[in-house]
Every structure is written in structure tokens, then in C-alpha cells.
Amino acid sequence: ILKGKIAIITGSNSGIGLGVAIELARAGADVVLNSFTDRPEDHALAEKIGAEHAVSARYIAADMSKGDDCRALIEKAGGCDILVNNAGIQFVSPIDEFPVEKWNAIIAINLSSAFHTTAAALPGMKAKGWGRVVNIASAHGLTASPFKGAYVAAKHGVVGLSKTVALEVAGKGITCNAVCPGYVLTPLVEAQIPDQMKVHNMDRETVIREVMLDRQPSRQFATVEQIGGTVVYLCSPAADQVTGTTISVDGGWTAM
Ligand code: NAD
């Protein structure tokens, strides 16, 4: 359904971004992968996705903590029909001890990057009369947890930015929405399971259910395929009138 569309996914050489890129490619979109590294394996990853799904796929290095890099990514890709702002980092600390450089980095990568890429991508979308901006926010875009001040502030900001962009382009064939995942089983999260098992002296299933997913009523992780599927839905004609809103994929977290 997305044949001929060009999708740029920021922060997509691992985890959710990679899962979203694969699902968009499966739906027929040409994809541009991104992260701040420029290693042979980054380019090889794009080639593999392109070959497996018979789409054009490439990798463009750009550092989403830098506004100029964000805008250059869109330019180097030659614009896009679908923009997925996914790059993000986390740091946990009480506010009164929060390192200023960590605060600045989280706001830059998790929030300001979406401003810069969207600003650079919108003129092309307006010219074509079609576009999709999908921001990967978080359950923490709708609720808070202690010690995640920068992340929660940035993700709430992403939700607000999504609504504003939606209003500015309403009726022009362009939509903008935020996807709000709960805990997603990414390699990063998977890597924490053995340590948690040791610390709590629990088996894998118990540590997942009782410790990691204590705020996720389903007691099941969301998967990167499910986040990718949600993005594909937002890019489909069924979602033409879905704009300026959030879609939670969080096993019931934000219903509590
Ligand atoms: P991840 O660490 O696997 O992926 C983050 C991606 O961003 C990587 O590809 C990384 O290379 C890239 N990145 C980091 N800094 C960058 C920079 N300066 N420039 C360009 N790229 C950069 O983590 P993930 O879990 O896949 O997270 C992806 C997004 O989903 C983030 O925005 C995160 O906040 C959000 N999210 C994740 C979860 C979860 O449970 N995993 C839940 C809710 C929201």
C-alpha cells in the first residue's frame, strides 16, 4: 500500500526504529535508515532490508542532537513522504541532581530533532499534497515516572508538537500523530533481563511480569513489529482523518 512512498526513520539502526523501517518496507515504501554512526554494517543493514522487501533502502548518517544534521538528513534524502521521528535516549536521575548536559542531550535528541526534521520535510509534503509525520513518543508522553524528568518533559513536548503540526497542515493531505509505546522488547530491554533476574533472584518470566512490567496491565511487552504495524496503519488511507492525536500501544498502562 505504500509503494512509491519515501520514508525516513530517524534512529533506525536498532530497536523500534529498525522494526518500523522493516514494516514500512514490507508495506512497499522505500526507506531511509539513520543513526549518528557511519559504519559499514549500518549501510549493510539498509541493503539487506532493501533486498528482502524489493524496495530501495539506504542509510544516511546524521546526528539528531544537532539541528543542522537533522535538516541535512531530509535534504540528503531528497525529501520524504513519510517522516518517522524515532531517535531517542534516556537518563534517570532526581531533578536536583540531573546533569545539565544529559538534560540538554535528551531535549535535543528526543524533542528538538522532531522540530528540525518536520520543518525541513513539510514544504515537500505540502507541494505533493500528501504526507505523514509519525512521532514515536511514549507512555511517558502522557504520564510521568519519578527520575525521568528530561525524558517525560521531552515526550510530553513531542505530543504537543504533534498536535500543533497537525493543526497547521489540516486539510492539506498531511497528518501528524504520536505513537505512545509502553515497554517494548528491544535488544536494549532484552539485555537488562539477565541482570534483573540476578538482582531479584527470579526466573525470566517472573522478573518480566513482576518487575519490568509492573505498570503494564497486560504483563506483556509490546513488540517492534506492533509499533511498526501502528505506523503503517497511520500511513494508510484508513487513517486519512486521524491527525493530531496519540495512539497508545502500551498493554493498558495509560488506562490506569
Ligand atoms: P534503541 O536505543 O534501540 O534505539 C534508539 C535509536 O536512536 C538507535 O538507533 C540509536 O542509534 C538512535 N540514536 C540515539 N542517539 C542518536 C543521535 N544523536 N542521532 C541519531 N540517532 C540516534 O531504543 P528504542 O527502545 O528502540 O527507542 C526508540 C524510540 O522509542 C525512542 O524515542 C524511545 O524513547 C521510544 N520508546 C521506547 C520504548 C521501549 O520500551 N523500548 C518505550 C517507549 C518509547
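Select Ala54 first, in the loop between α2 (40-53) and β3 (57-59). In this predicted model, the phi of Ala54 is near 55°, a positive value in a residue other than glycine. Most residues other than glycine have a negative phi. Is Ala54 buried or exposed? Ala54 is exposed, because 9 other C-beta atoms lie within 10 Å, and a residue with 12 or fewer is counted as exposed.

**Back into helix α2**

Next, select Gly50, which belongs to helix α2. Gly50 counts as partly exposed, with 17 C-beta neighbours inside 10 Å. Which residues does Gly50 contact, leaving aside its neighbours within four places in sequence? They are Val55, Ser56 and Ala57. Add Ala29 to the selection and display the distance between C-alpha atoms: Gly50 and Ala29 are 21 residues apart along the chain, and their C-alpha atoms are separated by 9.9 Å.

**The whole chain**

Now zoom out and colour by secondary structure. The chain has nine helices and seven strands. Its radius of gyration is 18 Å, close to the 18 Å given by the globule rule for 256 residues, so the chain is as compact as a globular protein of that length. The C-alpha trace spans about 55 × 40 × 35 Å along its principal axes. Of the 256 residues in the chain, 46% are buried. Among contacts with a separation of 6 or more, 72% join residues 24 or more positions apart.

**The nonpolar core**

Select Ala7, Ala21, Leu24, Val31 and Val231 together. These are the residues with the most contacts inside the largest nonpolar core, which has 73 residues. Which helix gives the most to this core? Helix α5 (residues 149-169) does, with nine residues.

Keep Ala21 selected and show its surroundings. Not counting residues up to four places away in sequence, Ala21 touches Ile9, Ser12, Val31, Leu33 and Ile49.

Then move to Val165, a residue of helix α5. Val165 is buried, since 23 other C-beta atoms lie within 10 Å and the threshold for a buried residue is 20 or more. Leaving aside neighbours within four places in sequence, Val165 is in contact with Thr118, Val133 and Cys176. For a distance to display here, choose Cys180: the C-alpha atoms of Val165 and Cys180, 15 residues apart along the chain, are separated by 17 Å.

**Two helix pairs**

Two packed helices are described by the angle between their axes and the distance between the axes.

Select helix α1 (residues 15-26) and helix α9 (residues 224-235). Their axes come within 8 Å and cross at roughly 50°. The helices α1 and α9 are therefore oblique to each other, and their crossing is right-handed. To view the interface, show side chains on both helices. On the α1 side are Gly15, Ile16, Leu18, Gly19, Val20, Ile22, Glu23 and Leu24, which meet Val224, Glu225, Ile227, Gly228, Gly229, Val231 and Val232 in α9. Leu24 and Val231, listed in this interface, are also among the residues with the most contacts inside the largest nonpolar core.

Turn next to helix α3 (residues 67-76) and helix α4 (residues 100-128). At what angle do the axes of α3 and α4 cross? They cross at roughly 35° and come within 8 Å. In this contact, α3 contributes Gly67, Cys70, Arg71, Leu73, Ile74 and Glu75, while α4 contributes Ser112, Ser113, His116, Thr117, Ala120 and Ala121. The crossing of α3 and α4 is right-handed.

**From helix α7 into the next loop**

Select His200, which lies in helix α7. With 12 other C-beta atoms within 10 Å, His200 is exposed. Not counting residues up to four places away in sequence, His200 touches Val207 and Val211. Adding Thr37 gives another distance to display: the C-alpha atoms of His200 and Thr37, which are 163 residues apart along the chain, are separated by 35 Å.

Finish at Asn201, in the loop between α7 (193-200) and α8 (204-212). What is the phi of Asn201 near? The value is near 50°, which is positive in a residue other than glycine. Asn201 is exposed, with 8 other C-beta atoms within 10 Å.

How values were computed
Residues numbered from 1 in each chain as written. Predicted model: local features only at pLDDT ≥ 70, side-chain atom pairs only at ≥ 80, totals over all residues. Helix = DSSP H or I, 4+ residues; strand = E, 2+ residues; numbered from the N terminus. Rg over C-alpha atoms; globule rule 2.2 N^0.38 Å. Contact = placed C-beta atoms within 7 Å. Core = buried A, V, L, I, M, F, W, Y, C linked by C-beta atoms within 7 Å. Axes fitted to C-alpha atoms, helices over the stretch in contact; angles between N-to-C directions. Parallel < 35°, antiparallel > 145°, perpendicular 65-115°, else oblique. Left-handed = near helix turned anticlockwise from the far one by under 90°.
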